[in-house]
Amino acid sequence: MPMRLREAIQQKRFPSAQFEAAANVVYTGNWLVDQSMAIFKQHDMNEQHYNILRILRGSHPKTLSPSEIRNVMLNKRGDMTRLVDKLVKRGWVERSPCADNRRKVNLEITKAGLQMVEQLEVPLQSLNTIYERLTPEEAATLSQLLDKLKIEPKHSDSV
């Protein structure tokens with residue numbers, strides 16, 4: 001598979017360097033997800049399931065509500081109830097009613113869920129070519145540039 005964007009999508013020119021960079025961000029993000037999907041499929045899960053498990057592991061032993069999890073997820077699309085239902089069914093997450101609010105539920109990662117996250121870390125890290133191809137300085141610069149793309153523009157109050 002060609003790794004350069006122009007080769008991969010067979011396009012010789014772009015309207016601007018910014019347009020090419022935007023296309024490359026989308027293409028590279030999808031490429032990274034595609035790489036990990038083979039590992040997730042072996043465990044009948046997707047990247048959102050894994051992200052939920054990692055978030056719950058980070059808060060363990062504290063519980064989190066589905067809305068608290070959604071707020072920090074990498075990919076906020078998808079039906080949170082269905083995503084959590086599958087994790088509960090697999091025995092990786094436990095759901096319990098909140099003592100303070102009947103409408104709220106608490107989610108907690110189980111021992112099996114912790115083991116699953118641990119089991120997936122080594123193969124997923126081996127896919128992460130950032131460690132192999134970028135120096136720590138290059139990775140920091142890339143991260144800063146990507147963050148710069150997401151900063152909301154300042155609007156002037158003057159009319």
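Helices in these notes are DSSP runs of H or I with at least four residues, strands are runs of E with at least two, and both are numbered from the N terminus. The model I am looking at is predicted.

**Entry 1: Trp92**

I started by looking up where Trp92 sits. Trp92 is placed in the loop between helix 5 (80–89) and strand 1 (93–97). Is Trp92 buried or exposed? I find a relative accessibility of 6%, so Trp92 counts as buried, the cut-off for buried being under 20%.

I then listed what Trp92 touches, leaving out residues up to four places away in sequence. On the list are His43, Met45, Leu53, Leu87, Glu108, Ile109, Thr110, Ala112, Gly113 and Met116.

**Entry 2: Trp31**

I next went to Trp31, which is in helix 2. Trp31 has a relative accessible area of 13%, so I entered this residue as buried too. How many Å separate the C-alpha atoms of Trp92 and Trp31? I noted 27 Å, for a pair 61 residues apart along the chain. For Trp31 and Ser16, 15 residues apart in sequence, the C-alpha to C-alpha distance is 22 Å.

**Entry 3: the whole chain**

I counted elements next. The chain has 8 helices and 2 strands. Along the sequence they run α-α-α-α-α-β-β-α-α-α. The radius of gyration is 19 Å, well over the 15 Å that the globule rule gives for 159 residues, so I wrote the chain down as more spread out than a compact globule. Along the principal axes, the C-alpha atoms fill a box of roughly 55 × 50 × 30 Å.

I also took down the surface figures. Of the 159 residues, 26% are buried. The accessible surface is about 11900 Å², and carbon and sulfur atoms account for 53% of it. Among contacts with a separation of 6 or more, 51% are between residues 24 or more positions apart.

**Entry 4: the largest pocket**

I looked up the largest pocket and found a volume of about 2000 Å³. Which residues lie nearest its centre? They are Thr28, Gly29, Leu32, Val33 and Ile130, out of 44 that line the pocket. By class, I logged 23 nonpolar, 14 polar and 7 charged residues in the lining.

I then checked which helices contribute. Helix 2 (17–41), helix 3 (47–59), helix 6 (111–127), helix 7 (130–133) and helix 8 (136–150) each give at least two residues to the lining. Helix 2 has the largest share, with 16 residues. Helix 2 is also where I had placed Trp31.

**Entry 5: backbone oddities**

Most residues other than glycine have a negative phi, and most peptide bonds are trans. I looked for departures from this.

Asp44 is one entry: its phi is near 55 degrees, a positive value in a residue other than glycine. Asp44 is in the loop between helix 2 and helix 3. Its relative accessible area is 46%, so I put Asp44 down as partly exposed, a class that runs between 20% and 50%.

The bond between His60 and Pro61 is another entry. I find a cis peptide bond there, with omega about 10 degrees. Pro61 is placed in the loop between helix 3 and helix 4 (66–72).

**Entry 6: Asn106**

My last look-up was Asn106, in strand 2 (residues 105–109). Is Asn106 buried or exposed? The relative accessibility is 14%, so Asn106 counts as buried. Setting aside neighbours within four places in sequence, I listed its contacts as Thr63, Leu64, Glu94, Arg95, Ser96, Pro97 and Cys98.

Terms used. Residues are numbered from 1 along each chain as its sequence is written. This is a predicted model: local features need pLDDT of at least 70, side-chain atom pairs count only at pLDDT 80 or more; totals for chains, interfaces and linings use all residues. Side-chain values use heavy atoms; hydrogens and water are left out. On a 1 Å grid over the protein atoms alone, a cavity is a set of points where a 1.4 Å probe fits but cannot get out, and a pocket is an open set with protein on both sides within 12 Å along at least five of seven lines; lining residues have an atom within 4 Å of a point. Grid points are joined across faces, edges and corners, and a volume is the space filled by probe spheres set on the points. Ala, Val, Leu, Ile, Met, Phe, Trp, Tyr, Cys and Pro count as nonpolar, Asp, Glu, Lys and Arg as charged, and the others, Gly among them, as polar. The radius of gyration is taken over C-alpha atoms; the globule rule is 2.2 Å times the number of residues to the power 0.38. Buried means under 20% relative accessible area, exposed over 50%, partly exposed in between (1.4 Å probe, protein chains only). Contact means heavy atoms within 4.5 Å. Accessible areas come from the Shrake-Rupley method with a 1.4 Å probe; for residues, only the protein chains shown count as cover.
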